[in-house]
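Please open the model in your viewer and keep the sequence panel beside it, as each stop on this tour begins with a selection. The stops cover cysteines, a sheet, charged pairs and one strand residue.

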Amino acid sequence: MRVETVADCRCEIGEVPMWHPEEKRLYWIDIPAGELFRYDPAIGAYDRCFDGGVIGGYTIQADGSFLLFMEEGAVRRLEPPEEGIANDDSLEPIVDSIPGEEGSRFNDVVADPEGRVFGGTMPTDDRLGALYRLDTDGTVTTVLEGVDLPNGMGFSPDRETFYLTESNTNTIYAFDYDVETGAIDDRRVFVDVPDGEGMPDGLTVDEEGSVWSAQFGGGRVVRYAPDRTEERRHEVPAENVTSLLFAGEGFEELYVTTATYEASGDDEGAGNLFRLRPSVSGVPEFASRVSL
């Protein structure tokens, strides 16, 4: 399968590709640089539209604005400029901080069908990470504690299952999910990635309910069928694959982010944004609907 280099951006930790349905552009971030990029497939060009504090993840609101999930549990709203580069002065506070998250940051987030947002935080020297839920009224609830690097998340097409990656244990979990309340329950192992295959990182779910996982250190993306079997894998010309998302008019294009972080010196594709067409389609990501 042909893999195209879309953006030669050399991100330290490129992450969280997101398709903006109104703009018809793909966005992604470089986490430690605090940069937000966007790619316009109509003209084949990308630019940088935000340069500020560290961004661990973000969602696109129903009104088209962005929620940036940052350090210390902070959440900020951003209206990306049509031209030029916004900075921290452009941000509107939504959540100032989360107690206990001093010295940490958000790592990955996902909006649910009702517009809530699940977000994981990084482990620190004295504790593991946690999973939080930001409800549409702005309330923050602790969902799980003791998660060893919470990462890629997603929902099954029937909205009955929530997936969560715990990267440092090489595990993707499945939970029962209640769309009415946002509660998750009955954690079980969906996939254990064998040692040496790479660490599971970002995640997305396609229209057939299969789970796609980016494998950091493995140089690939892997598709797992709903019955947990590995259905296929696609190699990517970068060792540290971080996240992935179906995008485009028919959600037939799979965009993949990568990292220069911990990459070998001869990894020429490290940190770039790639695209492939895997003959299966994705579904639109949910918009967040957090009251401002």
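Begin by selecting Cys11, which counts as buried at 1% relative accessibility. Bear in mind throughout that this is a predicted model. With Cys11 still selected, show the cysteine sulfurs: the nearest one to that of Cys11 belongs to Cys9 and lies 3.7 Å away, and Cys11 takes part in no disulfide. Because a disulfide here requires two cysteine sulfur atoms within 2.5 Å, the distance of 3.7 Å to Cys9 does not qualify. Next select Cys49, which is buried, with a relative accessible area of 0%. The closest cysteine sulfur to that of Cys49 is in Cys11, and at 12 Å it is too far for a bond. The search of the whole structure likewise finds zero disulfides.

**The open sheet**

Now select strand S1 (4–7) and strand S22 (241–247), which are the edge strands of a sheet, each pairing on one side only. Adding the strands between them gives an open sheet of four strands in the order S1-S24-S23-S22, with antiparallel pairing. If you look along the sheet, neighbouring strands are turned by 30° against each other on average, with direction ignored. For a closer view, keep S22 and strand S23 (residues 253–258), which pair in the antiparallel sense over six bridges. Within this pair, select Leu244 and look across to S23, where Val256 stands opposite.

**Charged pairs**

Turn next to the charged side chains, for which the count comes to 27 salt bridges. Side chains of opposite charge can pair when their charged atoms come close. Select Arg48 and Asp51 to see one such salt bridge, in which the closest N and O atoms are 2.7 Å apart. Arg48 is partly exposed, with a relative accessible area of 29%, and Asp51 is also partly exposed, with a value of 32%.

Move on to Glu92 and Arg77, whose side chains meet in a salt bridge at 3.6 Å from N to O. Glu92 belongs to strand S9 (residues 92–95) and Arg77 to strand S8 (residues 75–78), so this pair ties together parts that are 15 residues apart in sequence. Are the two partners buried or exposed? Glu92 counts as partly exposed at 32% relative accessibility, whereas Arg77 is buried, with a relative accessible area of 16%.

Then select Asp176 and Arg188, which form a salt bridge with their closest N and O atoms 3.0 Å apart. This pair links distant parts of the chain, since Asp176 is in strand S16 (residues 171–177) and Arg188 is in strand S17 (residues 184–192), 12 residues apart. Asp176 is partly exposed, with a relative accessible area of 35%, and Arg188 is partly exposed as well, at 30%.

To finish with charges, select Arg2, Glu4, Glu253, Arg275 and Arg277 together, since these residues are linked in a network of salt bridges.

**A buried strand residue**

For the last stop, select Thr165, which is found in strand S15 (residues 161–166). Thr165 is buried, with a relative accessible area of 0%. Which residues is Thr165 in contact with, leaving aside its neighbours within four places in sequence? The contacts of Thr165 are Leu149, Pro150, Asn151 and Gly152, then Thr171 and Ile172, and finally Pro200, Asp201 and Leu203. Showing these side by side with Thr165 lets you inspect the surroundings of this buried residue.

Technical notes. Residues are numbered from 1 along each chain as its sequence is written. This is a predicted model: local features need pLDDT of at least 70, side-chain atom pairs count only at pLDDT 80 or more; totals for chains, interfaces and linings use all residues. Side-chain values use heavy atoms; hydrogens and water are left out. Helices (H or I, at least four residues) and strands (E, at least two) are DSSP runs, numbered from the N terminus. Buried means under 20% relative accessible area, exposed over 50%, partly exposed in between (1.4 Å probe, protein chains only). Contact means heavy atoms within 4.5 Å. A salt bridge is a side-chain nitrogen of Lys or Arg within 4 Å of a carboxyl oxygen of Asp or Glu. Two strands pair if DSSP finds at least two bridges between them. Axes are lines fitted to C-alpha atoms, for helices over the stretch in contact, and angles run from 0 to 180 degrees between N-to-C directions.
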